[in-house]
Each structure stands twice: as C-alpha cells, then as structure tokens.
Amino acid sequence: GGSMEIFERLSELVSKRGMDCQVELKEEPHDNTIGMKKSGCHGFCEMGPLVRIEPEGYLYTKVKLEDCEEIVDRTIVAGEHIERLAYKQNGVVYKKQDEIPFYKKQTRLVLEHCGQIDSTSITEYLATGGYYALEKALFDMTGDEIINEITEANLRGRGGGGFPAGRKWAQVKRQNAKQKYVVCNGDEGDPGAFMDRSIMEGDPHRMIEGMIIAGIACGASEGYIYVRAEYPLAVSRLKRAIEQAKEFGLLGENILGSNFSFNIHINRGAGAFVCGEGSALTASIEGKRGMPRVKPPRTVEQGLFDMPTVLNNVETFANVPLIIKNGADWYKSIGTEKSPGTKAFALTGNIENTGLIEIPMGTTLREVIFDIGGGMRNGADFKAVQIGGPSGGCLSEKDLDLPLDFDSLKKAGAMIGSGGLVVMDSNTCMVEVARFFMNFTQNESCGKCVPCREGTKRMLEILERIVEGNGQDGDIELLLELADTISATALCGLGKAAAFPVVSTIKNFREEYEAHIYDKR
Ligand code: SF4
C-alpha cells in the first residue's frame with residue numbers, strides 16, 4: 001500500500017482500539033486522543049512509506065499495510081518501537097529519526113517543516129511561528145530595512161546562478177512604475193530535482209510568506225507562482241494555502257489591517273524546460289509562447305507585463321521568513337562567508353540513501369555522498385557526480401573534498417544549479433552520461449537562436465557516433481569547439497550551459513572518450 005492507504009489503515013485501527021483519533025486536531029486533545037496527520041515529504045525517499053511517532057521521534061521505514069496493527073499495538077499499548085522496521089545501515093539499527101546518519105549531518109531549515117507539520121493546515125504553520133516574519137516586516141520595518149537585511153544576509157538565488165536576492169529586490173524597488181510584480185519560479189525542470197516540489201507540497205505557507213515580504217519590500221502588490229503542470233499536488237496545496245492565508249487576513253486587501261495589499265495567483269506551466277528561464281517564464285504567464293528574449297531590458301526593469309519584477313525560485317523565497325525572523329547575523333553563522341545558509345539537494349544515483357537533503361553550504365561532496373548518502377550502493381567504487389542538472393557539470397574523485405557552495409563549484413566547472421546531485425559508480429560510461437544530458441537539452445531547446453538549435457544537434461550527433469563506436473579522430477576537439485561557440489553565442493542560459501556536461505566529462509574523463517574512439521570499445 002502507499003502512504004495514503006497506510007494512513008487510512010492506521011486511523012481505522014486507532015479508532016477500533018477505542019481511542020479518539022483526531023485527524024484535524026480541531027478539539028483540545030485529551031488523554032485518550034491520538035493525533036494523526038499527513039505530512040509533506042520527509043526526504044528519505046528510499047525508505048518510504050514512513051511513519052513517525054511523536055513525541056519520541058521513532059521513524060518507521062518501509063511500512064507495509066500488514067505492519068500497521070503491530071505499530072498501533074506497540075505505540076498505544078506497549079510504548080515500544082518495532083525493531084524490524086527500524087532503519088538498518090551496515091547492520092546497525094537506528095530507532096529514532098535524529099540518530100539516522102541520513103538526517104544527522106543535515107541542517108534542515110527550509111525543509112524544517114517538511115515531514116513534520118500538516119501542510120494543509122495554516123494553524124500548524126502559525127503554531128511554529130509562521131507569519132511572524134510577515135508581521136515584523138509589515139509593522140516594524142521599512143522596505144529598505146527589509147532589503148538591507150536580505151542583502152546583509154547575502155541570500156543568493158537558489159535556482160541557479162546564485163545572484164544576490166537583496167540586490168535584485170533593491171533594483172526593483174528603485175523603479176518608478178505603477179505596478180510591480182513578485183514572481184516565484186516553481187518550474188523545477190532539472191531531471192531528478194524535486195526540492196521545490198517538496199517545499200510547495202510540504203510547507204507552502206513559508207514560500208507564500210516570503211513572497212509577501214518581497215512585495216512589501218519592493219512595493220509590489222501582485223504575485224504569481226509558476227508551477228509545473230506535473231506537480232498537481234503542489235498546485236492544490238498552494239491553492240489551499242492561499243485561501244487559508246486570505247481567511248486569516250494575511251493575504252489580499254489590507255493585510256493584517258495595514259494599508260498594504262497583496263494577491264497571489266497560480267500559473268501552471270506545460271513542462272517546457274526553457275520556461276524556467278526568467279523572460280520565457282514571464283512570457284508564458286502572459287499567455288505567450290515561452291521563449292527567452294534578448295536582454296536588456298532585464299526582468300527587474302521590464303519583467304512580467306513589462307513591469308519591474310522580482311523573480312526568485314521557491315527555495316529562495318522560503319529562506320526569506322527565516323532571515324527576517326532571526327536576522328542576517330544568525331543566517332550568516334550558517335554556511336560559508338560567500339554562500340551563507342543551507343541548500344537543498346535531491347540526492348540520487350548509485351548510493352545507499354537517495355532522497356531530499358538540506359545541508360549547510362560548504363559541506364563537502366564526500367560528506368554528502370558517504371555520510372548522508374551512506375556510500376556507494378553494493379560496495380561499488382565512486383566514479384563521478386553530476387551537479388546542477390543539464391546546466392551543471394560532472395565532477396570526479398579528485399573533487400570529493402570540494403565544499404558545496406556557489407563559487408567553489410563554479411571554479412571546478414560545475415554549478416549548484418537548482419540542486420540535482422546524481423552520484424555515479426565505476427560502471428557508468430561518462431560519454432553516455434554526456435549524451436543523456438545533451439539529448440535532454442537538445443530536446444528542450446526552444447529553437448529561437450541558431451547556436452543552440454543547430455549546435456546542440458551537431459554535438460548530440462557526434463556523441464551518438466562516439467557511443468556507437470563510430471567516433472572519428474578529431475571528434476573531441478570538434479565537441480570542444482562547438483561547446484565554446486554555443487556557450488559564447490546562445491541567447492539564454494539553457495544554450496549557454498548546454499555543453500557543460502560534455503566539457504566537464506571531457507575534462508575529467510577524456511580517456512573514456514578516447515577509448516570509445518580509438519579502441520572502438
Ligand atoms: Fe532557445 Fe536555446 Fe536560444 Fe535559449 S539558447 S533562446 S533555449 S534556442
């Protein structure tokens with residue numbers, strides 16, 4: 001059974017035992033009450049479905065329908081936990097969530113509530129101190145003070161390049177326009193990435209709160225959330241959260257009795273990767289074909305409906321309430337000097353523990369792969385890690401002690417991107433990996449400019465013939481030359497970064513290309 005069936009079975013069993021099973025927790029709990037709630041994603045995908053028992057913090061992993069009876073018996077009657085369902089790694093049994101190595105080295109700030117609170121309930125979010133930052137921003141701070149705090153905290157955009165959010169907000173605030181917009185990019189198109197999805201589904205109020213604060217700071221009264229159509233649960237949770245925020249006077253006209261008004265609309269994208277690019281995204285919201293345009297003007301000057309627009313992604317907005325609530329100094333105490341805070345990553349590939357993780361910036365790849373990820377699956381040897389999706393690069397063993405932050409990765413020829421992290425073992429062919437990403441990018445190229453439209457096709461052809469054993473002398477040089485030209489001349493980020501996986505695999509694993517070409521492997 002899936003998580004929902006397990007939830008149903010558990011509530012049925014709890015009620016059968018004469019307990020008062022409260023799913024909504026509307027009434028005051030009493031001794032005979034068992035609260036049951038559906039939470040967002042816990043991040044430990046590999047081990048789902050998960051059941052967590054509070055307040056002890058036991059975490060049952062891989063729960064099946066037939067386990068439910070025993071879980072209820074042990075919890076209600078004996079107060080013990082079931083060892084055989086506890087998480088086992090290398091023969092060691094972990095009972096509580098906090099003890100599990102997968103969670104131990106993480107710092108969950110943005111994902112703090114995911115897997116903890118009922119994301120469909122605004123009262124649960126409020127009970128954790130939710131919307132306090134909004135109140136503070138609204139009544140105790142000026143727009144400039146908010147922007148200063150975000151700038152001082154050095155919050156950098158979590159969606160790709162790491163541009164300072166405060167600088168972006170200040171540029172929008174400076175514009176003289178009758179309307180300004182706040183747009184949240186929830187398009188998350190990288191293969192294997194699901195950080196933003198998890199936040200939208202597991203803690204939608206946090207990013208909504210961040211968007212409203214951005215509105216206060218820049219003088220914008222309208223917000224748009226652009227969500228991929230492939231995320232229907234995220235859309236329904238966001239809709240519900242928006243309704244609830246309106247009911248509580250936290251969104252809409254005269255928020256909390258002030259003279260500030262802010263509305264949020266949801267737009268569904270149709271799954272084009274290029275719509276994650278700023279100008280394509282705003283065009284798509286306007287009902288036009290999602291194609292990037294030449295810049296300038298930049299989004300901060302003429303974005304949505306040609307008006308000044310703050311465009312950040314889900315994770316960036318989700319950081320905002322934390323900074324406003326706890327202050328820039330607190331934020332800077334986490335992570336590195338140039339990349340403060342944490343970053344969420346989707347950890348996938350040939351490792352023991354796959355899932356969604358959040359770590360302080362500056363954590364090394366080795367810690368991520370071997371401590372949190374539990375090492376390579378089936379004892380295989382580590383070979384490479386692809387970071388940042390199709391716009392990122394492949395790093396090798398020599399990079400394992402590289403701290404994960406915006407600048408170190410860029411220097412190494414990769415990027416954080418939106419946070420996809422695919423770990424590969426020694427059985428992986430790196431030319432195939434390059435071909436996979438080039439195939440993806442080539443498919444997603446919008447076709448507007450020649451270097452990307454034609455260049456990615458040519459690169460894919462060359463990669464295909466190398467993989468098939470028909471590579472020719474000079475192919476590697478040709479790939480690098482095409483890569484240079486495309487990066488230098490493509491119109492948008494998709495084209496500019498299209499060749500990164502190829503360049504980085506040639507740089508780190510050139511011998512594999514040569515073996516394909518010259519040994520006809
Ligand atoms: Fe379209 Fe590619 Fe040009 Fe971007 S670089 S505008 S995706 S053709």
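**Figure 1. Pairing of strands S11 and S15 in the predicted model.** Strand S11 (residues 342-349) and strand S15 pair in the parallel sense, with four bridges between them. One pair can be named: the bridge partner of Leu-347 in S15 is Leu-421. Strand S15 covers residues 420-425, and five of its six residues are buried, so that the strand is mostly covered. The coordinates shown here and in the following views belong to a predicted model. The protein chain has an average pLDDT of 93, and 98% of the residues score at least 70. For the model, the scores are ipTM 0.99 and pTM 0.94.

**Figure 2. The five-stranded open sheet.** Strands S11 and S15 belong to an open sheet whose five strands follow the order S12-S11-S15-S13-S14, and the pairing is mixed. At the edges stand S12 (355-360) and S14 (393-396), each of which pairs on one side only. Neighbouring strands of the sheet are turned against each other by 30° on average, direction ignored. Strand S13 runs antiparallel to S15, and five bridges join the two. In this pairing, Gln-386 stands opposite Val-422 of S15. Strand S13 (residues 382-387) also runs antiparallel to S14, to which four bridges join it. Strands of a sheet pair through backbone hydrogen bonds, in either a parallel or an antiparallel manner.

**Figure 3. Surroundings of Val-385 and the largest nonpolar core.** The bridge partner of Val-385 in S14 is Leu-395. Leu-395 also appears among the contacts of Val-385; with neighbours within four places in sequence left aside, these contacts are Leu-365, Ile-369, Leu-395, Leu-421, Val-422, Val-423 and Met-424. The largest nonpolar core has 151 residues, and those that touch the most other members are Ile-213, Ala-214 and Val-385. Helix H9 (residues 204-218) gives the most to this core, contributing nine residues.

**Figure 4. Strand S7 between its partners.** Why is strand S7 (residues 181-186) described as largely enclosed by the rest of the structure? Six of its six residues are buried, and the strand is therefore largely enclosed. In a regular strand, side chains alternate between the two faces of the sheet. Here Tyr-181, Val-183 and Asn-185 point one way from S7, while Val-182, Cys-184 and Gly-186 point the other way, and all are buried. Strand S7 pairs in the parallel sense with strand S8 (residues 222-228) over six bridges, and Gly-186 has Val-227 as its bridge partner in S8. The pairing of S7 with strand S10 (residues 309-313) is likewise in the parallel sense, over five bridges. Within S10, Val-310 is the bridge partner of Val-182.

**Figure 5. The buried face of helix H2.** Which residues of helix H2 (residues 68-78) are buried? They are Cys-68, Ile-71, Val-72 and Thr-75. Seen down the axis of H2, the buried residues fall within an arc of 95°, so they line one face of the helix. An α-helix has 3.6 residues a turn, so residues three or four places apart point the same way. On the other side of H2, Val-77 and Ala-78 are exposed. The buried residues of H2 pack against helix H1 (3-16), strand S3 (51-53) and strand S4 (58-60). Just after H2 comes Gly-79, which takes a positive phi of about 65°.

**Figure 6. Helix H12 and the glycine that follows.** Helix H12 (residues 314-326) is mostly covered, with 11 of its 13 residues buried. The buried residues include Val-314, Glu-315, Thr-316, Phe-317, Ala-318 and Asn-319. Also buried in H12 are Val-320, Pro-321, Leu-322, Ile-323 and Ile-324. Just after H12, Gly-327 takes a positive phi of about 90°.

**Figure 7. Gln-22 in strand S1.** Gln-22 lies in strand S1 (residues 20-22). Because Gln-22 has 18 C-beta neighbours inside 10 Å, this residue counts as partly exposed; 20 or more would make a residue buried, and 12 or fewer exposed. Gln-22 is 447 residues from Gly-469 in sequence, and the two are 63 Å apart in space, C-alpha to C-alpha.

Technical notes: Residues numbered from 1 in each chain as written. Predicted model: local features only at pLDDT ≥ 70, side-chain atom pairs only at ≥ 80, totals over all residues. Core = buried A, V, L, I, M, F, W, Y, C linked by C-beta atoms within 7 Å. Contact = placed C-beta atoms within 7 Å. pLDDT = per-residue confidence, 0-100. Pairing = 2+ DSSP bridges. Axes fitted to C-alpha atoms, helices over the stretch in contact; angles between N-to-C directions. Arc of directions from axis to C-beta.
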